[in-house]
Each structure stands twice: as C-alpha cells, then as structure tokens.
Amino acid sequence: MTSLVVPIDDTLAGAIALATAGDETAFARIIQAHHDDMARVCFVICGDLDIAEEAVQAAWPIIWRKLASLRDPDRLRPWLVSIAANEARQLIRRRRRRAVVEISVVATATPGVDPALRIGDLDLANALARLDPDDRALLALRYVAGFDSTELGRALGRSPSGTRARLARLLERLRTELSDD
Amino acid sequence: MTDRPDFETRLEQRLRARGALASRPFDAASIAHHAIATAGPRRRIGTLAWPVPRLDLGWLVVGLLLAIALLGTVALVGAHLLKAPPRVLASSAWIAYSTAPQKGPAGTDWQAGSDIYLVRAGAQPILIAGREGGNVWNLCPAFSPDGRRLAFSVASNQGQAIVVDGVDANGVSSDTVRISVRGSGRLAVCPRWSSDGTRVAYLDGGGGFVVVRGLDGSTPATVAGDPRAGDFLPSNLPNGAILSPTGDRMAWITSGDPPVPGGALVVARPDGADARAIPLGTNPYAISAWSPDGRQVLLMMDVGGAFSMEAVAVDSPFDVTWVVGDVGVSGARSWPGWGDVSWQPVAP
C-alpha cells in the first residue's frame, strides 16, 4: 500500500503563504521570528519603550492586511521592519506638540556597571532625541536592523545615493555631538 | 583624534545596545490574535450594509473630484492613541444603539434578534429592550428633537410596533407608548420624528408611503415638519460617508488605504472639497453617527473580540472619547447594517 506523503513546508515562506490565506498560527510564527527586531528598531526611533511597543503593535494589523502584497518572501524582514519604523515615525510626529521630549530612563543600571557607560547612554539618547524622526529611522534601520543602502532607500522613499549622503551628514553631526575628545 | 571608521563602529555598537533594551518577552499568539481582530476585514471598510445606490454620471464625477481633492489637500494631523482613559462626553448625552445577533450560551449557535442599549461615556450600557431569546428584533433607535423621548422599532411573530420611551438622566422612564404598525414582512419599521417632536412617522410596508402617528396612537394628516420618504433612505454618499446634522460636512473612515496608512477618519465638505484625513490609533469597522452639534463622529471597533465605541472630534485637537469600552463580543455590539445609532440631542 502506498501513501501520499505531503511534505510540510515549515519555512517562513510557507508561513507567509499560510498567513496570507488567513492562518493565524502561521501569522504568529512570523511574529515570533520578527517582533523583537521590530521593537528594537522602534525603540531607537522613539526613545520610549511604551511608544515603541505601541508602534510595533500598530504595525501588526497593517502587516496582516497587506501581507498578500509581499511578493518576495526573502524581503519579509526588511518589509516588516520598515512598516514598524514607519509607525514609530508617525507616532513621534504626532507627539511633537509636547514641549518636553522625555528621555526614557530605562532601568539599565546593573550592579557593577561603569557609570561612564550610563552617561554615554544618556548622551546618545539625548542626541537621538534632537534628531527628526526620519533621521532616527535612518540610524535605526542602518545600524540596528542592518539595512543596506538599497533597503534604506526603499524604506525611506529615497534613492540609495541620497540615503548614503544623508547618512554621512548625520554621522558627522553625531560625531560632533558625541565627541569624547 | 577620533578615527572615522572606529566612530561608526562604536556608534553601531551603542545603537544596537540601545535597541537591545527594548527586548522583552512577548506572546506571539496573543499579538497575532489581537492584530487580526483589529485589522478588520481584508477589504475596504466604510461600506454599510445598504442597497447599492444606482451609479450615475453625477456620482462618478463626485467620486473623481473627491479622490482628487483628497490627494491634493489631505493634511495629516495628530490624533489620540489607543487606550485613552474613559472621559465623559461634554454634554453627558445618551447614545442609543441596537445590536447584532450574538453568541448564545456556551455551545449554542448565534442567537437572532436585537437589543437596544443606552450608553454614555464612563458608564456601562443599559439594556432598554431585549431580544428575548432571539424572538424579538428591537431596531432603529431615534431620539426626539428635544432628547426627552426615544423611539424604536419592535418586530416579532406577534407583529410590529413602534415603541416610544421617556428618557431622563438615569435612563429610560416608565413613560412608554406602543404604537402598532403595519410593516413589510421582516423589515423593521424605522421611526422618524417630526420636527416638533410630537409625532413619529414610518414607511408603510404595503404601500411604501409615509404614515404619521401621534403619540396618542392617532393617525393625523401630515403637515409641514413631518418626515418625508427621503428621510428614510440610507445615505448614498461615496465611501459610505454620513452627512453632518448641520449639512456642511461629511465623514467616512478608511482602513490602510492611501493617503494614510492605518485607520483614518476623513472629513470633507459635501462636494468633497477641503478633505482632511485624521489618523486614528484604532481601526474602526463602522462610522455610525454625528453628534447633534456636528463636532464629533461616533466610531465602532471590534478590538480583540471586544466591542468599543469612541467619539472623535473632527476639529483640532481631535480629542477622542471612549463611550463604550471592551464589551465582550458575545454581548452588546452594534452593526449599522442591523440598526441605527442615535445620539441624544439635548441631555435632560
């Protein structure tokens, strides 16, 4: 007796296909694989853990609705991170009316940690807070998510060369602000 | 002097370390469930369950002008976020709404019929008329112009009627009038008020004409100020938009469509000009009513299986007020296709 064995596609490409068809479990697999990455990028953009979490939570319903538009499964991660980054930028813009930019005092202090590192973290947080949301997103996508120029351009709606130029100017600015000379 | 490559490398390390601060445990299954429930149907929402209006050239032109106006003049503005604490509506007005079929007791199928609830921001919904195990349809609540009475339709195997209840600050009083009517089979006989609030009118099911009834059950002749046939027709504005009470604006909702990703409330003049898209922190499935003063719209959401209503101001600063929050989906939920929502004009 022969039996037809259907290979189970447990790759993310398979999960994408299933999720596109409405499979909630498959969608949860995608979330499991990428939620943390998205949260990290959003936190660098927002500077606030709660706002970052809110941005990621806001991104997932959008992703669910637009999943069918993702043609290349290999682009899943940059696509997801871009959507989350966009939500984070929008949240930051909406909160621009606030006169004081609050720096989230994250409980990072652990026994034995060099206070100089703590100060450095605050300096970085302050420097990021002075950037506009697009520049924060540029830094987060480049250095936290590891996007290349093409992916950066696609995420931010710019050409790769324009993105590189903007990044270079941004680095010069931060070099001055964070100089430890 | 700081070496250039070293600075970029160090910056990357610091940014990665900073990003790592956001790592925390999460429940992927719960996030997936909530996202799917919040996302709404994978189609454009804002289309109510009304008969499709006959498209003619005029409305096609309006639709094109609307699209052009929207793309050319949209302005993104701030909006409040999810999980805003409940606040009392400025006027403490009641909102009456009818409900959809709901889940029966555990293990049973969807239960037919419909309830009518009264709710105001900061309070739990009050059941005004119940579906009695699925045998009764209570639909189309409508406040009188002075806000002191609430009329609605009742339909069951025993026939159809319009019920008029008195309303006070505590809810519905015992002052009830029941007017038997002749409807058209299963369709609800939705009441409309005369401009002076002394008479109710409905569409006769047999002849399709307007019948006016006094609150004493009499059948007086129609006079100026009584509802006309056109008052009973659903909105045929583009995108399922609803017209403000003042007639100077219309509003509808979008879901993830251009020009605003994510849910948005769009407000425009009735000819489509001056369109503004207000990003929402939620994805409502329906826009159900304007406030009587034309300054807010009522949106309905199904968030993770819980029915919620929020009132959104259409002008800056676009305040959001939760009216009903987190009612279990097996309980009271309102679908504009099943009935109506009515916003009390003046709080007694």
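Why does A:Thr163 count as buried? Exercise 1 takes up this question, after two notes on the model.

This is a predicted model: local features need pLDDT of at least 70, side-chain atom pairs count only at pLDDT 80 or more, and totals for chains, interfaces and linings use all residues. Residues are numbered from 1 along each chain as its sequence is written, chains are lettered from A and ligands numbered from 1 in the order in which they are written, and side-chain values use heavy atoms, with hydrogens and water left out.

**Exercise 1. Place A:Thr163 and describe its surroundings.**

Step 1. Find the element. A:Thr163 is found in helix H8 of chain A, residues 160-177. Helices (H or I, at least four residues) and strands (E, at least two) are DSSP runs, numbered from the N terminus.

Step 2. Check burial. A:Thr163 has 2% relative accessibility, so it counts as buried. Buried means under 20% relative accessible area, exposed over 50%, and partly exposed in between (1.4 Å probe, protein chains only).

Step 3. List the contacts. Leaving aside neighbours within four places in sequence, A:Thr163 is in contact with A:Leu138, A:Leu152, A:Gly153 and A:Arg158. Contact means heavy atoms within 4.5 Å.

Step 4. Look at the helix pair. Helix H7 of chain A (residues 149-156) packs against H8(A) at an angle of about 95°, with the axes 8 Å apart. Axes are lines fitted to C-alpha atoms, for helices over the stretch in contact, and angles run from 0 to 180 degrees between N-to-C directions. H7(A) and H8(A) are therefore roughly perpendicular to each other. Angles under 35 degrees count as roughly parallel, over 145 as roughly antiparallel, 65 to 115 as roughly perpendicular and the rest as oblique.

Step 5. Name the residues. H7(A) brings A:Ser149, A:Thr150, A:Leu152 and A:Gly153, while H8(A) brings A:Pro160, A:Thr163 and A:Arg164. They divide into 2 nonpolar, 4 polar and 1 charged. Ala, Val, Leu, Ile, Met, Phe, Trp, Tyr, Cys and Pro count as nonpolar, Asp, Glu, Lys and Arg as charged, and the others, Gly among them, as polar.

**Exercise 2. Describe how H3(A) crosses H2(B).**

Step 1. Take the geometry. The axes of helix H3 of chain A (residues 49-66) and helix H2 of chain B (residues 28-39) come within 8 Å and cross at roughly 65°. H3(A) and H2(B) are therefore roughly perpendicular to each other.

Step 2. Give the hand. The crossing of H3(A) and H2(B) is right-handed. A crossing is left-handed if the near helix is turned anticlockwise from the far one by less than a right angle, and right-handed if clockwise.

Step 3. Name the residues. A:Gln57, A:Trp60, A:Pro61, A:Trp64 and A:Arg65 in H3(A) meet B:Ile31, B:Ala35, B:Ile36, B:Thr38 and B:Ala39 in H2(B). This contact divides into 7 nonpolar, 2 polar and 1 charged.

**Exercise 3. Rebuild the sheet that holds S1(B).**

Step 1. Set the order. 4 strands of chain B form an open, antiparallel sheet in the order S5-S4-S1-S21. Two strands pair if DSSP finds at least two bridges between them. The edge strands are S5 (126-129) and S21 (341-343), each pairing on one side only. The twist averages 25° from one strand to the next.

Step 2. Count the bridges. S4(B), residues 116-119, is joined to S5(B) by 3 bridges. There B:Ile116 stands opposite B:Ala129. S1(B) and S4(B) share 4 bridges, and S1(B) pairs with S21(B) over 3 bridges.

Step 3. Follow B:Ile95. Its bridge partner in S21(B) is B:Trp343. In S4(B), the partner of B:Ile95 is B:Val119.

Step 4. Compare the faces. In a regular strand the side chains alternate between the two faces of the sheet. In S1(B), residues 95-98, B:Ile95 and B:Tyr97 on one side and B:Ala96 and B:Ser98 on the other are all buried.

**Exercise 4. Find the edges of the S10-S11-S12 sheet in chain B.**

Step 1. Set the order. 3 strands form this open sheet, and the pairing is antiparallel.

Step 2. Mark the edges. S10 (192-193) and S12 (210-214) of chain B each have a single partner strand, so one side of each is left without a neighbour in the sheet.

Step 3. Check one pairing. S11(B), residues 199-203, pairs with S12(B) over 5 bridges. B:Tyr202 stands opposite B:Val211.
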